[in-house]
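Me: I'm new to reading protein structures, and I'd like to look closely at one part of this one. Could you walk me through it slowly, and then show me how that part fits into its surroundings?

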Amino acid sequence: MAFINLKNKVIQVKIVYYGPGRGGKTTNLEYIHRRFQDRIHAEMVTVKTHGDRTLFFDFLPFDIGLIHGYQIKVQLYTVPGQPKYNATRKLVLRGVDGIVFVADSMAVCRESNVQSLKNLQENLAAYRKSLVSVPWVLQYNKIDLAEQGIPVLSVEQLERDLNRGFGRPAFPASALKGVNVAATLKKIISLAVTSIRDELM
Amino acid sequence: MSYTLDQRQLDRIEDILKADLVDNGVRCVFLIDMAGNIITNLDNGEKQHDIYSLAALAAGNFGAVSAMAKIIGENEFSLLFHKGKKENIHFNKISSEFLLITIFGNEISLGFLRMKVAESVEQLKEVLEPLVPGAGG
């Protein structure tokens with residue numbers, strides 16, 4: 001639910017990184033924070049457990065400049081990926097304008113990716129939203145692990161499992177090394193802003 | 001779904017918050033939506049906070065407490081109060097979509113603050129309720 005301030009000409013856009021536990025959602029935000037230090041003046045906020053896993057969410061706000069005379073303030077959130085934290089995952093989705101689904105390319109994560117996407121659909125339904133109505137993109141993370149001999153799913157397999165019937169933009173990526181992290185972010189911001197514009201026109 | 005506030009509406013909101021809260025000694029007040037967006041914020045000029053992070057955490061905190069309320073059979077807890085040594089935070093729900101947060105020192109009593117917040121909330125509802133369909137009450 002984007003908020004548009006006509007007085008100060010500011011639009012606030014909420015982007016949520018969703019996906020299975022240990023898939024790299026927080027790593028995406030950490031990379032963005034490092035890479036765009038000149039634009040991000042705030043500290044990244046994280047609510048973690050002692051075991052360094054996301055408990056509630058990570059939060060990173062930044063400005064992307066002017067679009068049609070409006071200053072766009074993007075607020076990036078992650079959700080906790082572990083199945084037991086569904087109540088907090090659902091809270092973070094409230095008012096979402098765009099979603100990045102971060103899938104884990106490791107072969108052993110095939111089922112947890114599918115379960116997490118299903119869980120996303122269920123949680124969106126609670127807000128009367130769906131993967132058809134909300135702008136979203138996919139990121140197939142950890143592709144670099146193949147170089148270390150760890151079995152990873154092919155992009156074709158991931159597309160069949162997660163993107164069949166949706167045809168959303170998808171990015172093979174390495175959040176740790178920064179491969180396609182910025183491209184994923186740019187795409188979802190562009191889709192979210194276009195969707196808000198279309199809604200208002 | 002997106003929503004918009006124009007200059008007149010935002011000026012009205014700021015007038016309410018200034019007259020009822022900032023002029024009565026509240027250090028900082030901000031109006032946010034439940035998604036964590038900041039609608040407006042005012043302060044007495046003494047301290048600058050990272051308001052975007054504060055708003056995201058406040059919305060999450062309020063959402064978590066509301067979910068706890070439902071588990072124990074309450075419909076909601078409409079207000080929350082966190083007490084510190086020097087600074088205190090008070091949260092008051094305005095409608096299902098909006099939340100008013102005030103930061104204040106020990107020189108203001110909680111009772112007085114609650115009365116002033118309640119007065120503001122009634123006036124804010126008139127401005128905010130037409131904005132988001134189904135957000136009233």
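Which residue in β6(B) is the bridge partner of Asn88(B)?

Reply: Happy to help! Please keep in mind that this is a predicted model. The bridge partner of Asn88(B) in β6(B) is Phe104(B). Let's start from that pair and work outwards.

Asn88(B) belongs to β5(B), and it also has a bridge partner in β4(B), namely Lys83(B). Put your finger on Asn88(B) and you can go one way to Lys83(B) or another way to Phe104(B). The strands around this residue follow suit: β5(B) and β6(B) pair in the antiparallel sense, with six bridges between them. On the other pairing, β4(B) and β5(B) also run antiparallel, joined by five bridges. As a general point, strands of a sheet pair through backbone hydrogen bonds, either parallel or antiparallel.

How does the chain get from one of these strands to the next? A hairpin of four residues leads from β4(B) to β5(B), and a hairpin through four residues likewise links β5(B) to β6(B).

Now zoom out to the whole sheet. It is an open sheet of five strands in the order β3-β2-β6-β5-β4 of chain B, and the pairing is antiparallel. At its edges are β3(B), residues 38–43, and β4(B), residues 79–83, each of which pairs on one side only. Ignoring direction, neighbouring strands of the sheet are turned against each other by 10° on average. If you follow the order to the β3(B) edge, you find β2(B), residues 28–33, running antiparallel to β3(B) with five bridges between the two. One example there is Cys28(B), whose bridge partner in β3(B) is Asp43(B).

Helices lie against this sheet as well. α1(B) lies across β2(B) and β3(B), and its direction is at about 40° to that of β3(B). α3(B) packs on the sheet too, where it touches β4(B), β5(B) and β6(B), and its direction makes about 150° with that of β6(B). That brings us back to our starting strand, since β5(B), residues 88–93, is one of the strands touched by α3(B).

These two helices also meet each other. The axes of α1(B), residues 7–20, and α3(B), residues 110–128, come within 9 Å and cross at roughly 170°. Angles over 145 degrees count as roughly antiparallel, and α1(B) and α3(B) are therefore roughly antiparallel to each other. To see the contact for yourself, look in α1(B) for Gln9(B), Arg12(B), Ile13(B), Ile16(B), Leu17(B) and Asp20(B), which meet Lys116(B), Glu119(B), Ser120(B), Gln123(B), Leu124(B) and Val127(B) of α3(B). Sorted by class, the residues of this contact are five nonpolar, three polar and four charged.

Let's step back once more, to the chain as a whole. Chain B has three helices and six strands, and along the sequence they follow the pattern β-α-β-β-α-β-β-β-α. Its C-alpha atoms fill a box of roughly 40 × 35 × 25 Å along the principal axes. A compact globule of 137 residues would have a radius of gyration near 14 Å, and chain B agrees with that, because its value is 14 Å. Of the 137 residues in chain B, 36% are buried. Among the contacts in chain B with a separation of 6 or more, 52% are between residues 24 or more positions apart.

Finally, chain B has a neighbour. Its contact with chain A takes 24 residues from chain A and 23 residues from chain B. On the chain A side, the elements that give two or more residues are β1(A), β2(A), β4(A), α2(A) and α5(A). The largest share of that side, four residues, comes from β4(A). By class, the chain A side divides into 15 nonpolar, five polar and four charged residues. Strands meet here too: β1(A) and β1(B), the latter being residues 3–5, run parallel and are joined by three bridges. In that pairing, Ile4(A) stands opposite Thr4(B).

So, to retrace the path, Asn88(B) has Phe104(B) as its bridge partner in β6(B), within an open sheet of five strands on which α3(B) packs.

Methods:
Residues numbered from 1 in each chain as written. Chains lettered and ligands numbered in written order. Predicted model: local features only at pLDDT ≥ 70, side-chain atom pairs only at ≥ 80, totals over all residues. Contact = placed C-beta atoms within 7 Å. Nonpolar A, V, L, I, M, F, W, Y, C, P; charged D, E, K, R; others polar. Pairing = 2+ DSSP bridges. Axes fitted to C-alpha atoms, helices over the stretch in contact; angles between N-to-C directions. Parallel < 35°, antiparallel > 145°, perpendicular 65-115°, else oblique. Rg over C-alpha atoms; globule rule 2.2 N^0.38 Å. Buried ≥ 20, exposed ≤ 12 C-beta atoms within 10 Å, placed from the backbone.
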